[in-house]
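Good morning, and thank you for coming. I should like to take you through a structure that is new to this group, beginning with the sheet and ending at the surface.

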Amino acid sequence: MHSYFLTGLVVTGPVAITLYLIWTFIQWVDGWVKPFIPARYLPETYLPFQIPGFGLVVAVIGLTLIGFFTANLVGRTLVRLGEKILDRTPVVRGIYKALKQVFSTIFSQSGTSFRKVGLVEFPQGAWSIVFISSEPSPVVEARLPGGNSEAWVSVFMPCAPNPTTGFFFLLPKSKVIELPISVEQATKLVISAGLIQPEQLLVSEELRPN
């Protein structure tokens, strides 16, 4: 009886939590978008019940249209005009530039952020999972110990069980051991605190710390 209960919990637990998170996200987007939609366009104005996800659909369509229009000449001109206005606004200028750089890095299809996984010795005598991003800029690298004579890399060490928080390091490439696993596999490894191991991972002797 006890084993049956645990089996049912393992099967239904992830499904229930996933559905709950999806439902929470849909409600959150609806709560943000629907107040900006005129009442005559809302389905519940004509129906005796609400349609969950309507705000999410409107948001997706709206963002797609914005991306389409900004891809042409007129759209790019308007975006540049808006950026010039923000660039002349104190406080807002710094926030906008920082957020734009973060979003451009995360959603860039040609970016190199978080495409590799590695191991670093942290703290001393222990090894931690890190996500390898890009090389530091020449301005930063020139002032690091060793200057340009040694290659450096930016890494992010996630915390368990919440991989969205962690520590950012600049390390020599020689101090980082790359792992033949995906970022998704490494994320599962961190979230589960080592309970979910990457599948089909063959660790050679050269990857094992002395």
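Let us begin with one pair of residues: glycine 118 has valine 130, in β2, as its bridge partner. That pair belongs to an antiparallel pairing of strand β1, residues 116-121, with strand β2, residues 127-132, which extends over 6 bridges. The two strands form a hairpin with 5 residues between them. In the turn, glycine 125 has a positive phi of about 90°.

Please keep in mind that this is a predicted model. It has 6 helices and 5 strands, and along the sequence they follow the pattern α-α-α-α-β-β-α-β-β-β-α.

From the hairpin, we may follow the pairing in two directions. On β1, 3 bridges lead to strand β5, residues 177-179, and the two run antiparallel. Here leucine 119 has isoleucine 177 as its bridge partner in β5.

On β2, 2 bridges lead to β3, again in the antiparallel sense. Phenylalanine 131 stands opposite phenylalanine 156 of β3. Strand β3 is in turn joined by 7 bridges to strand β4, residues 166-172, which runs antiparallel to it. Phenylalanine 156 also stands opposite phenylalanine 168 in β4.

Why is strand β3 described as largely enclosed by the rest of the structure? The reason is that 7 of its 7 residues, 152-158, are buried. In a regular strand, side chains alternate between the two faces of the sheet. In β3, both faces are covered: Trp152, Ser154, Phe156 and Pro158 are buried on one side, and Val153, Val155 and Met157 on the other. For the protein as a whole, 22% of the 210 residues count as buried.

I turn now to the surface, and to two patches. Which residues make the nonpolar surface patch of about 510 Å²? They are Val57, Ile61, Leu65, Phe68 and Phe69. Of these, phenylalanine 68 lies in helix α2, residues 54-70. Its relative accessibility is 56%, and it therefore counts as exposed, the cut-off being over 50%.

The other patch carries positive charge, and Arg76, Arg80, Lys84 and Arg88 gather there on the surface. Lysine 84 is placed in helix α3, residues 73-87. Is lysine 84 buried or exposed? At 56% relative accessibility, lysine 84 counts as exposed.

To close, I would leave you with the enclosed strand β3, the nonpolar patch that includes Phe68, and the positive patch that includes Lys84. Thank you for your attention.

How values were computed. Residues numbered from 1 in each chain as written. Predicted model: local features only at pLDDT ≥ 70, side-chain atom pairs only at ≥ 80, totals over all residues. Heavy atoms only, no water. Patch = residues over 30% accessible without salt bridge, like charges linked within 9 Å, V, L, I, M, F, W, Y side chains within 5 Å. Areas by Shrake-Rupley, 256 points an atom, 1.4 Å probe, with all protein chains shown as cover. Salt bridge = Lys/Arg side-chain N within 4 Å of Asp/Glu carboxyl O. Lys, Arg positive; Asp, Glu negative; His and termini not counted. Charge placed at Lys NZ, Arg CZ, Asp CG, Glu CD. Helix = DSSP H or I, 4+ residues; strand = E, 2+ residues; numbered from the N terminus. Buried < 20%, exposed > 50% of the residue type's maximum accessible area, 1.4 Å probe, protein only. Pairing = 2+ DSSP bridges.
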